[in-house]
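I opened this entry to record what I looked up in the model, taking the sheet before the ligand.

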Amino acid sequence: MQKSYFDRKVEYFMQPVPAEVERRTRAIVEAAGLAGGSRVLDVATGVGVLIPHILERGVKAGNLMGCDLSEQMLAGARARYPGVFFWLGDFLDFPRSLGPFDAIFFNACFGNFFDQRSVIDTAVHLADRGGRIVISHPMGSGFVAALHKSEPEIVPHLLPAEDKLSEWARDFRLQLETFRDEPDLYLAILRKSPQ
Ligand SMILES: C[S@@+](CC[C@H](N)C(=O)[O-])C[C@H]1O[C@@H](n2cnc3c(N)ncnc32)[C@H](O)[C@@H]1O
């Protein structure tokens, strides 16, 4: 259902992002503390909205991968960023051999996952020691709640509240480094132990 929905919506997502949203998207990427040598995975990359901001932080295109299950969304991303490797499929099937990553982004997609806990489990396997798992939305958790209400089959869940993130942090030995749930910005950063 996700795949056919987003395959049909690609033209909408190819439109330019409003400047205010772009500014908050840049702030989300900045918060991940990327360095020149960072290896980065953009999960549910869509048409690659996060990618210019990741490249702007000095990450090399060859160290950046995107994953999405919509062929049409990935076709848009591939046309825009030919130097980046894109993997087509469900994130839960993303090959562990393509890791580890210093940062794994989930921007504007986390409410779409049917089994959020398994998504975190997969991300923990793919993250390097000290790596960050960044869950974000530049329109905020209220926007996702409205989508959840209007299209529950496409957005089956809300963005995780702080107590849910703390539960995952405890269960997967992560540190909840950042949590911001503001009217127009949601940002949670979970960090894997450096040991
Ligand atoms: C609203 S778009 C967001 C795209 C992008 N992250 C952004 O910031 O604009 C949600 C994307 O999630 C993808 N998606 C949904 N479930 C997925 C899954 N299980 N594995 C990989 N991608 C998924 C959809 O195909 C779609 O491209």
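I began with the sheet of this predicted model, which I found to be open, with seven strands in the order β3-β2-β1-β4-β5-β7-β6 and with mixed pairing. I then checked its edges: β3 (85–88) and β6 (174–182) stand there with a single partner strand each, so one side of each has no neighbour in the sheet. For the twist, I noted an average of 15 degrees from one strand to the next.

Next I looked at how β6 is held to its partner, and I found that it pairs with strand β7 (residues 185–192) in the antiparallel sense, over eight bridges. As a single example from this pairing, I wrote down Thr178, whose bridge partner in β7 is Ile189.

I turned to the helices on the sheet. Helix α5 (residues 71–80) lies across β2 and β3, and I noted that it runs at about 175 degrees to β3. Helix α6 (residues 116–126) also packs on the sheet, where it touches β1 (40–43), β4 (101–107), β5 (127–137), β6 and β7, and its direction makes about 140 degrees with that of β5.

Last, I asked which of the 19 residues around the ligand come nearest. I listed Phe6, Ala44, Gly46, Val49 and Ser70. The elements that give two or more residues to this shell are α1 (2–8) and β2 (64–68). Sorting the shell by residue class, I recorded 11 nonpolar residues, six polar ones and two that are charged.

Notes
Residues numbered from 1 in each chain as written. Predicted model: local features only at pLDDT ≥ 70, side-chain atom pairs only at ≥ 80, totals over all residues. Near = placed C-beta within 6 Å. Helix = DSSP H or I, 4+ residues; strand = E, 2+ residues; numbered from the N terminus. Nonpolar A, V, L, I, M, F, W, Y, C, P; charged D, E, K, R; others polar. Pairing = 2+ DSSP bridges. Axes fitted to C-alpha atoms, helices over the stretch in contact; angles between N-to-C directions. Contact = placed C-beta atoms within 7 Å.
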